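Trainee: I should like to request a close look at a single part of this model, set within a brief account of the whole.

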Amino acid sequence: MSSGGAVYGNPDSIASIDEKYDKNPISSYGLTKLVAEEYISFLMKNTSVKTFILRPSNVYGKYQNLKKPQGLIGHVFKSVLIDQPITIYGDGTVVRDYLHVDDLSQAIILCINNTKGSDNPIVLNVGSGIPTSINEVIINISEITHKKVNIIINPPREFDCKYNVLSIDKAWEVLGWQPNIDLKVGMKEEWEWILQEFS
């Protein structure tokens, strides 16, 4: 499991990023993921083990660890639940690609069951392919929870990519995989889980 955002860095244009796009991480997290990919490629030169490297986009859904401020959707839901403000960096126009955890799980299962051989790791983006801004996520959460999201705005951070949306054509070609869960449907499901788990 690599990263479909951090390994690419900031794209030069607003377009879907495919697996051949230049890898230019702008954070230590992205660099560690890229090093792990390279290490796996090195190991495969001396083994017959077949490997998939998945680069998921921003994963959300039930069972997310809400104790850490990791994952925008879960973190904003928690802030609404405990009536605390959420901090965002910049004006909320940063765009991401959000993927439901169940769709990611299906991609993993297809990799495990795949019987096609390869001399090199098969690298696949796994995302929704749909651009969604932070502001759009916050609007969705307000509509789902029927509560206002209180926001603290801080200056943008240098290590945050401004735009990241993945091309998932290769995952369809290799695995026959595509995401099935609509963002708002998945977010509503996560909110219902949070209410059961933490109320």
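How much accessible surface does the protein have, and what percentage of it belongs to carbon and sulfur atoms? Against that background, which residues of helix α2 (residues 72-81) are buried, and which elements are included in what covers them?

Mentor: The model is a predicted one. The accessible surface of the protein comes to about 11,400 Å², and carbon and sulfur atoms hold 53% of it. Of the 199 residues, 43% are buried. The radius of gyration is 18 Å, which agrees with the value near 16 Å for a compact globule of 199 residues. Along the principal axes, the C-alpha atoms occupy a box of roughly 55 × 35 × 30 Å.

The protein has 6 helices and 8 strands, arranged along the sequence as α-β-β-α-β-β-β-α-β-β-α-β-α-α. When contacts with a separation of 6 or more are considered, 84% of them are made by residues 24 or more positions apart.

Helix α2, the part requested, spans residues 72-81, and its buried residues are I73, G74, V76, F77, S79 and V80. Their cover includes both strands and helices: among the strands are β2 (58-60), β3 (86-89) and β5 (98-100), and among the helices are α4 (134-145) and α6 (183-198).

Beyond the helix, D83 lies in the loop between α2 and β3. D83 has a positive phi, near 55°, although the residue is not a glycine. With a relative accessible area of 59%, D83 passes the 50% cut-off and is therefore exposed.

Helix α4, which contributes to the cover of α2, is also followed by a loop of interest. H146 has its place in the loop between α4 and β8 (151-154). Phi of H146 is likewise positive, near 60°, again in a residue other than glycine. The relative accessible area of H146 is 71%, so this residue is exposed.

Strand β1 (residues 52-56) offers a contrast to these exposed loop positions, since 5 of its 5 residues are buried. F52, L54 and P56 point one way from β1, whereas I53 and R55 point the other way, and both sets are buried. Strand β1 runs parallel to strand β6 (residues 122-126), to which 5 bridges join it. Within this pair, L54 stands opposite L124 of β6.

As regards charge, the protein carries 19 positive and 23 negative charges, whose mean positions are 4 Å apart.

Conventions:
Residues numbered from 1 in each chain as written. Predicted model: local features only at pLDDT ≥ 70, side-chain atom pairs only at ≥ 80, totals over all residues. Heavy atoms only, no water. Helix = DSSP H or I, 4+ residues; strand = E, 2+ residues; numbered from the N terminus. Rg over C-alpha atoms; globule rule 2.2 N^0.38 Å. Buried < 20%, exposed > 50% of the residue type's maximum accessible area, 1.4 Å probe, protein only. Contact = heavy atoms within 4.5 Å. Areas by Shrake-Rupley, 256 points an atom, 1.4 Å probe, with all protein chains shown as cover. Lys, Arg positive; Asp, Glu negative; His and termini not counted. Charge placed at Lys NZ, Arg CZ, Asp CG, Glu CD. Pairing = 2+ DSSP bridges.
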